[in-house]
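Here are my notes on the model you sent round. They go from the central sheet outward to the chain as a whole, and end with some backbone details.

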Amino acid sequence: MINGEVSFWWNQIGRPAARAPLPGSTRADVCIVGAGYTGLWTAYYLKKAAPALRIVILEQRFAGYGASGRNGGWLTNSITGGREQYVKSHGREAAERFQARMNETVDEVIRVAAAEGIDADIVKGGEFTVAYDEPQQRRLEAAARAEQQWSMTDVQLLSQREATARINVVGTTGAMWHPHCARIQPAKLAFGLARVVEALGVEIFEDTTVSEIAPHRAITDRGTVEAQFVVRATEGFTAGLAGLHRAWLPMNSSLIATEPLGADVWERIGWDGRETLGDMAHAYMYAQRTADDRIAIGGRGVPYRFGSKTDSDGQTPASTVEALRGILTRFFPATQGAAIDHAWSGVLGVPRDWAATVGLDRGTGLAWAGGYVGTGVTTTNLAGRTLRDLILGRQSALTGLPWVNHRVRNWEPEPLRWLAVHALYQAYSRADRAELTRRRTTSPLASIADVVSGRGH
């Protein structure tokens, strides 16, 4: 088994040739810090709209090195932190508009990939969420009813028989499905986007570490880039920038990928629609059936490292690998003898209120987007188009969405930050174990954890 080496996705396609680092101090119209999806989408839409702009992207390792090349491959319509927060702050109509834009964004990514010749193994099979104990089933039914109150979500509640006919998860009590989700190969999308923006004239400098972002400049170990606008697109690595150590917490998420599974295994599992798969556990899992017939399955593992530290290559603890293998074989006993070919981890950005944000301060020229809490594959595209409009001074349907210029307080200092996050996920894990054994009621530990975290399920 390969452990780390950034991700299975990059290992599958091979690392691209290294790009040159920043050769020294320079000027640009727009400087983007971070060559993940947020930075690449922002560069793409800006360059398409204003070809004369000089756009420079700075990346500490290589394009797609972070969460963009390590995630579970869910191109889904989820609003980070849920719609209800925007109902409370901006009203139901604003939340409806936000959800409609997210639905459209799934199709926008698919459209651009096709138009630009990016083969990212995209299959729009929808999102399938399963329940397998009584408390989960109650949460599932409540969630489906709540979703069905919104005209644009198209959620279907599936019976046990209907659910297992699609994906045969052992112990299934029911499931829900919606069409606004596609499976992707994340590194292929990142690689393709980088290729496309370079062809448009965007300059990507790798192996260039930004230590500080200040008004109209980004300070690196290889020189300073001065620009009218500086975009912070650093997501889970934001804590490494001067003055931003407590802004967004870098949350770890881990995955494993099996060897390619045989036709006899797939006959028992089903999963012919290539839906993305999740569950109603508090410490939830996420999975996909890959283009070469593996199962890639993920979960939180060790959620947070003291002092907001981040890893360098995705190395994953053996205990996390075994925990994910346990979920795999519990869901699909037919995989019992299958080898695990790769394990890896990455970090995602978590704001204190678990709500993503995009914005621009025109006075300082500082723009930002992130805090996706694991729902960034789609949201990064919406962020890129929104930043285009903000930077070009356009008022649009996107700049009027309720997440634009949203601000949030910092996380607590250490050791409170570490204690809170680990207590949160211990509570979720204990609640899930209790529900599996008792199969009666949702543990109050999970409700307490929701209050502490400021988020719902």
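1. A residue is called buried here when its relative accessible area is under 20%. The model is a predicted one. With that cut-off, strand 16 has cover on both of its faces: Ile295, Ile297 and Gly299 are buried on one side, and Ala296 and Gly298 are buried on the other. In a regular strand, side chains alternate between the two faces of the sheet. Because five of the five residues of strand 16 (residues 295–299) are buried, the strand is largely enclosed by the rest of the structure.

2. The sheet in question is open and has nine strands, in the order 1-17-13-16-15-14-5-7-6, with mixed pairing. Its edges are strand 1 (2–3) and strand 6 (156–158), each of which pairs on one side only.

3. What are the neighbours of strand 16 in the strand order? They are strand 13 and strand 15. Strand 13 (residues 249–258) pairs with strand 16 in the antiparallel sense through four bridges, and serine 254 lies opposite glycine 299 of strand 16. Strand 15 (residues 286–289) is also joined to strand 16 by four bridges, again antiparallel. In that pairing, arginine 289 stands opposite isoleucine 295.

4. Strand 15 and strand 16 make a hairpin, with five residues between them. In the turn, aspartate 293 has a positive phi of about 65°.

5. Arginine 289 deserves a separate look. This residue belongs to strand 15. Is arginine 289 buried or exposed? Its relative accessible area is 7%, so arginine 289 counts as buried. Leaving aside residues up to four places away in sequence, arginine 289 touches Arg183, Trp266, Gly270, Trp271, Asp272, Arg274 and Arg294. Three arginines, Arg183, Arg274 and Arg294, are thus among the residues it touches, as is the acidic Asp272. Alanine 423 lies 134 residues from arginine 289 along the chain, and the C-alpha atoms of the two are separated by 32 Å.

6. Strand 17 is another enclosed element. Ten of the eleven residues of strand 17 (residues 340–350) are buried, so the strand is largely enclosed by the rest of the structure. Ten bridges join strand 17 to strand 13, and the two run antiparallel. Leucine 249 stands opposite valine 350 in strand 17. Strand 1 is joined to strand 17 by two bridges, and this pair runs parallel. There, isoleucine 2 has histidine 342 as its bridge partner.

7. Towards the other end of the strand order, strand 5 (residues 127–131) and strand 7 (residues 174–178) run antiparallel and are joined by five bridges. Valine 130 stands opposite alanine 175 of strand 7.

8. Now the chain as a whole. The protein chain contains twelve helices and 19 strands. For its 457 residues, a compact globule would have a radius of gyration near 23 Å; the chain has 21 Å, which agrees. Along the principal axes, its C-alpha atoms fill a box of roughly 60 × 45 × 45 Å. Buried residues account for 58% of the 457. Of the contacts between residues at least 6 apart in sequence, 78% join residues at least 24 apart.

9. On the surface, the protein chain exposes about 17,400 Å², and carbon and sulfur atoms supply 52% of that area. The chain carries 50 positive and 47 negative charges, whose mean positions are 3 Å apart.

10. Which peptide bond is cis, with omega near 5°? The bond from glutamate 414 to proline 415 is. Proline 415 sits in the loop between helix 10 (376–391) and helix 11 (416–438).

11. Two loop residues other than glycine have positive phi values and can be checked by eye. Aspartate 207, with phi near 50°, is in the loop between strand 9 (203–205) and strand 10 (210–214). Aspartate 207 is partly exposed, at a relative accessible area of 41%. Histidine 216, with phi near 65°, is in the loop between strand 10 and strand 11 (217–220). Histidine 216 is partly exposed as well, at 33%.

Technical notes: Residues are numbered from 1 along each chain as its sequence is written. This is a predicted model: local features need pLDDT of at least 70, side-chain atom pairs count only at pLDDT 80 or more; totals for chains, interfaces and linings use all residues. Side-chain values use heavy atoms; hydrogens and water are left out. The radius of gyration is taken over C-alpha atoms; the globule rule is 2.2 Å times the number of residues to the power 0.38. Buried means under 20% relative accessible area, exposed over 50%, partly exposed in between (1.4 Å probe, protein chains only). Contact means heavy atoms within 4.5 Å. Accessible areas come from the Shrake-Rupley method with a 1.4 Å probe; for residues, only the protein chains shown count as cover. Lys and Arg count as positive and Asp and Glu as negative; His and the chain ends are not counted. The place of a charge is taken as NZ of Lys, CZ of Arg, CG of Asp or CD of Glu. Two strands pair if DSSP finds at least two bridges between them.
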